[in-house]
Amino acid sequence: MDLRGFGESSILWDDYSPAAIAGDVLALLDHLGIDRAVLAGNSYTGASVVKAAGDAPERVAGIVLLDAFVENVPPGALQRLVVGAMGALLVHSPAFWGLYHRKAAYPGPKPTDHEEYVAGLVAAMRTPGRKTATRGYVRGDSSPAGWTAAVRCPALVVMGSKDPDFGKPELVADRQAAALNAHKVMIEGAGHYPMADHPRATADALLAFLAELA
């Protein structure tokens, strides 16, 4: 599902928050005539699937968090300063997003179409008006606290062991697993997008989880 402001979605919205995206997920289920689904969220949208599961438990059979910003370790003052500076760079310099994907997000193997994919990301961020959407995500609360308390469905936590977005990836995964009473899978050598740099290991984890639900 394309996020608000990106992909084939309209660029301009009044709300780009994880809660708003959770509402979009449930609206999409309605549109497609799907009564119940397993939801998977990566990075920013991990909070969205948690919110959807808490708000509409009858619609969500299970959730999967993939390197998600959920139950994160509270940042210190220096970390907040660094994140703020990186956010400003991201809004004003799409090339910075490309640099992150080329140099940090994939510490291990890269997909065969990686360079083409990154070039497409950078080009999309240069679309007229796209800064508004980027700013909406950068300035929003990407890691809301407390939402996991409302979740009652089964959950799976998948985390890359070398995710550059977390100082201690396994610690964050442990916090998520404890909060959701979830099964945790660490993918050795994976970065922030394990489904892209370690697709087989990620698929194995998800298929095992889906088999348990079935």
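Read along the sequence, the chain follows the pattern α-β-α-β-α-α-α-α-β-α-β-α-α, which amounts to 9 helices and 4 strands. The model is predicted. The C-alpha trace spans about 45 × 40 × 35 Å along its principal axes. A compact globule of 214 residues would have a radius of gyration near 17 Å, and the chain, with 17 Å, agrees with this. Of the 214 residues, 42% count as buried. Among contacts with a separation of 6 or more, 71% are made by residues 24 or more positions apart.

The 4 strands form an open sheet in the order β1-β2-β3-β4, with parallel pairing. At the edges stand β1 and β4 (183-187), and because each has a single partner strand, one side of each is left without a neighbour in the sheet. Direction ignored, neighbouring strands are turned by 15° against each other on average. Strands β1 (residues 37-42) and β2 (residues 60-66) run parallel and are joined by 6 bridges; N42 stands opposite L66 in β2. The connection from β1 to β2 passes through helix α2 (residues 46-55), and this β-α-β crossover is right-handed. On the other pairing of β2, 4 bridges link this strand to β3 in the parallel sense, and the bridge partner of I63 in β3 is A155.

Two of the helices can be placed relative to these strands. Helix α2 lies across β1 and β2 and runs at about 160° to β2. Helix α7 packs on the sheet, where α7 touches β2, β3 and β4, and its direction makes about 175° with that of β3. Helix α2 is mostly covered, with 8 of its 10 residues buried. These buried residues are G46, A47, S48, V49, V50, A52, A53 and G54, and they pack against α1, β1 and β2.

In soluble globular proteins, nonpolar side chains tend to be buried together. The largest nonpolar core of this model holds 29 residues, of which L39, I63, L65, V151 and L180 touch the most other members. Two or more residues each come from α1 (18-32), β1, α2, β2, β3 (155-160) and α7 (169-180). The contribution of α2, 5 residues, is the most from any element. Around L39, and leaving aside its neighbours within four places in sequence, the contacts are with V25, V49, A52, V60, G62, I63 and V64. Of these contact partners, V49 and A52 are among the buried residues of α2. Apart from the largest core lies another, of 8 residues, which include L66, L156, A190 and A205.

Helix α3 (residues 77-92) contains V91. With a relative accessible area of 6%, V91 is buried. The contacts of V91, leaving aside neighbours within four places in sequence, are K131, T134, R135 and V138. V60 and V91 are 31 residues apart along the chain, and their C-alpha atoms are separated by 34 Å.

Most residues other than glycine have a negative phi. Two residues in the loop between β2 and α3 depart from this pattern, namely D67 and E71. D67 has a positive phi of about 45° although it is not a glycine. The relative accessible area of D67 is 0%, so this residue counts as buried. For E71, phi is near 55°, again a positive value in a residue other than glycine. E71 has a relative accessible area of 18% and is therefore also buried, the cut-off being under 20%.

Key: Residues numbered from 1 in each chain as written. Predicted model: local features only at pLDDT ≥ 70, side-chain atom pairs only at ≥ 80, totals over all residues. Heavy atoms only, no water. Pairing = 2+ DSSP bridges. Right-handed = clockwise from strand over helix to strand, strands pointing away. Core = buried A, V, L, I, M, F, W, Y, C linked by side-chain atoms within 4.5 Å. Buried < 20%, exposed > 50% of the residue type's maximum accessible area, 1.4 Å probe, protein only. Contact = heavy atoms within 4.5 Å. Axes fitted to C-alpha atoms, helices over the stretch in contact; angles between N-to-C directions. Rg over C-alpha atoms; globule rule 2.2 N^0.38 Å.
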